[in-house]
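Trainee: I am new to this structure and would be grateful for a close look at a single part of it. Could you choose one helix and explain how it sits within its chain?

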Amino acid sequence: MINAVGRDIPDEILARTGKEVFQGNNYKEGVEYHKQGPIVKPVLDHNTSKMVGSIREALEKCGAHDGMTLGFHHHFREGDLVVNMVMKEVHDMGFKDVTICASSLGKAHDALLPYIEDGTITGIESSGVRGKIGEAISTGKLKGLAIMRSHGGRVRAIQSGETTIDISFIGAPTCDDYGNCKGIGGKSDCGVLSYSFVDGQHANKVVAVTDCLVPFPNYPADIAMTRVDYVCVVDAIGVPEKIATGAAKPTTDTRKLMMADYCTQVVINTPYFKDGFSYQTGVGGASIASAASLAEIMKERGIKMGFAVGGMSKGMVDMLDQGLVGKLLDTQDFDLFAVNSVQRPNHHRISAGAYANPFNKGAFVNKLDYVVLAALEVDTHFNCNVVVGSDGRITGAQGGHPDAAQGAKCTIVICPLLQGRIPAICTDVTTVTTPGESIDVVVTDYGVAVNPARQDLLECLQKADCVPLKTIEELRDIAYAITGEPEPVQFGDRIVGIIEARDGTIMDVVREIKEFEF
Amino acid sequence: MNPNMKRLRRTMMFLNCQKPGLIKDPYIYKPDSIMLDLEDAVAEKEKDAARYSLYHALQEIDYRGVERVVRINGLDTDMWQEDVRASVAGGADAIRIPKTETAQDVKRVEAVVEAVEAEFGVVPGRTLIMAAIESAKGVMHAMEICEASPRLFGIALSGGDYTKDLQTNISGTGVELMGARQLMIIAARAAGVQCFDTVYTNLNDMEGFRKDVETIHQMGFDGKSIINPRQIAVVHEIYTPTPKDIIFAEKVVREIDDKKAKGIGVFTVDGKMIDIAFYDGAKRTIELAKASGVYKGEL
């Protein structure tokens, strides 16, 4: 069945998943549903201890079983040790058919490959995957269907009962013996624990894993003791230097600076740029540079940002320091400046649900004026791909891309025309992960394209004469004139994964790759 | 005369031919010229590969009007003639001769260019030449170098080698370059060719770079060799005429055209005495303003 972004979703997949095809961003607007409640094992006796001696003991006490689903967060990014630690134990205990439901997985989890190959892990639900896990899924090694969903989509899937997490292991930089968890104060600080809030609320069993046990009460807590069944102390939950890095060095790459300048010009010449505006940006070189130049213009014009939301880094913390932003609403910290800032006034730790869940009663992304995003590919329908490489291999993550893109009034995607030898602006993206209806402006090193659906923005930018405007087709044509039109990637028949839209419908499918046949 | 002899060359950006990522689309930064380097930037064992990349880049890439100059290897090597062949066959706009010391150096290259144009069926005279002066001897021979060939559109100072030859170094003050700069610009103007300044290598000192460009702009140089696209905007900004300059130049051109028709040779514009000698300068200001995207008039 063809969906709203023109992708053919095979009936077999619809039957197997019980899902519908994507039918537009607001298809589920106002459609009521029941939230799923977790199984709760009450603790009444003051002599009951939540402490367990090992991950194995935690698994035993939580009733680990074949076919279970385990929850994890990715706040430790490429420094995460928790997923591998737990999965090794799961493997050693001989469990099979386990599904991992993580907010994201990266190269830090390459060690899981043997567990995929031997059937310990047969299901993966994540915002994205990289490295060997991506390769394993793309080459058909995962027995089940991988589900790639956005940060908001994960919260929706869990709250709506579509995914039930049997046991969630929450890596906590600090925790007390009764389960109050915080993202700071320990040796593996990640700042916030936003992605785990939903696990705390909805997982049937919750295990806090920490390498820094602190006196009770570890308050105010990110994940409160009322939601935690067990506490397990281990030697290390993360590699600090890979969790929160030093501040990214400002880029000196003229191409990125050029795109940053175009991006800034788009922001300041569109109507939402006024006192109290809201903004989300990433940590790519161009995004950081654009935020920095925007800050200078805000100072000149006496304009302040009402709030910034999403992942935080030094640039946003500096803006808070300078009084240029009212509130930081933080879901993830990319550097030590952000980690060290989270306890300050007006720097708020919010849940992934509050940030982006499409099935709550209004998320922060809905209140965004601008979001600046990146993409691996953008096509002439403005559809974006942030998960599947142009070679067909899964190698990225949706993160909050589809959430913020839909939510913001002006969604800007920065994307160089060519990624190496590959045209990033193309006729059809390899895989649709964010629908074109969410994307308003595409900024490249060769010019800026405005979605024809946004004539209002186009008129503003034409009037301002501030950036080289091109149509998306013109950009595609320039790219193809340089590289030639690429041959489509050749896939096998087997579907190895689905790209889930925010609302749980199917945006696209990912097929098994096969060797290119000339 | 080749119409490109006097084209605008505010920025001439060096690009290492050994790096395809650099030469694939430098035009997006809008330099006036690119200098595709086969000489110092290319590792000795990569010379063949760089020349091969150069030829295909010249053949395949649409540089969108940016002038393509190739810096060949020195005349003391056995590579330069093949460099010229690849460049001319590829369709390069000009050859930059390194370490030029005499008129004879220019003539040697000119002869090969001429032969290669014939060999590959390139329009005779299409390929221009520029000479880089990198030694005290070269500076002292600037005038004869400037006059060595009708293909030679300009000379360029190469400060690194030149200061070594002087037994000093680049200080950042410009004092050690002063004599060469002065001598070369005078020679170039006397011979009616263009003159370009040396690179500024400290990319982190943009203020120093700005001052350097302001100096050479005031001295009369046509432009500057650059090593990074970051430097382009500064040079173009300094070379962009001010609105006051543009208005005055417009008046001068219009008045000279008008008065010439009426048989008047000398007159005043805004209280300044003007005659035909001001015409080329005013025209050049208008051209610069157009190239800089700040001219909206009709001249």
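Mentor: The account below begins with chain B, turns to its last-named helix, and then sets that part beside chain A.

The model is a predicted one. Within chain B, the secondary structure consists of 12 helices and 10 strands. The radius of gyration of chain B is 20 Å, close to the 19 Å given by the globule rule for 299 residues, so chain B is as compact as a globular protein of that length. Measured out along the principal axes, its C-alpha atoms fill a box of roughly 65 × 45 × 35 Å. Of the 299 residues in chain B, 43% are buried. Where contacts in chain B join residues at least 6 apart in sequence, 68% of them link residues at least 24 apart.

The domain assignment of chain B gives domain 1 (11–239) and domain 2 (243–291). Between the C-alpha centres of these two domains of chain B the distance is 32 Å.

The part chosen for a close look is helix H12 of chain B, which runs over residues 279–291. H12(B) has 13 residues and reaches 18 Å from its first C-alpha to its last, close to the 18 Å expected at 1.5 Å a residue. Which residues of H12(B) are buried? They are B:Ala282, B:Thr285, B:Leu288 and B:Ala289. These buried residues cover an arc of only 120° around the axis, which puts them on the same side of H12(B). A general point on helices helps here: an α-helix has 3.6 residues a turn, so residues three or four places apart point the same way. What covers the buried residues of H12(B) includes two helices of chain B, H10 (232–239) and H11 (243–261). After H12(B) comes B:Gly293, whose phi is positive, near 75°.

Chain B also touches chain A: five residues of chain B are in contact with five residues of chain A. On the chain B side, three of these residues are nonpolar, none is polar and two are charged.

Chain A offers a setting for comparison. Its secondary structure comes to 16 helices and 27 strands. With a radius of gyration of 22 Å, close to the 24 Å that the globule rule gives for 518 residues, chain A is as compact as a globular protein of that length. The C-alpha trace of chain A spans about 70 × 55 × 45 Å along its principal axes. Buried residues make up 58% of the 518 residues in chain A.

Chain A is divided into domain 1 (50–243) and domain 2 (254–489), and the C-alpha centres of these domains of chain A lie 29 Å apart. Contact between them involves 32 residues of domain 1 of chain A and 32 residues of domain 2 of chain A. On the domain 1 side, the elements giving two or more residues include helix H5 (131–138) of chain A, while the largest share, six residues, comes from H6(A).

H5(A) can be described in the terms used for H12(B). The buried residues of H5(A) are A:Ile133, A:Gly134, A:Ala136, A:Ile137 and A:Ser138. Among the elements of chain A that cover them are helix H4 (113–117) and strand S4 (121–126). Just after H5(A), A:Gly140 takes a positive phi of about 80°.

Technical notes: Residues numbered from 1 in each chain as written. Chains lettered and ligands numbered in written order. Predicted model: local features only at pLDDT ≥ 70, side-chain atom pairs only at ≥ 80, totals over all residues. Domains from an automatic or database assignment. Contact = placed C-beta atoms within 7 Å. Helix = DSSP H or I, 4+ residues; strand = E, 2+ residues; numbered from the N terminus. Rg over C-alpha atoms; globule rule 2.2 N^0.38 Å. Buried ≥ 20, exposed ≤ 12 C-beta atoms within 10 Å, placed from the backbone. Expected span 1.5 Å × (residues − 1). Arc of directions from axis to C-beta. Nonpolar A, V, L, I, M, F, W, Y, C, P; charged D, E, K, R; others polar.
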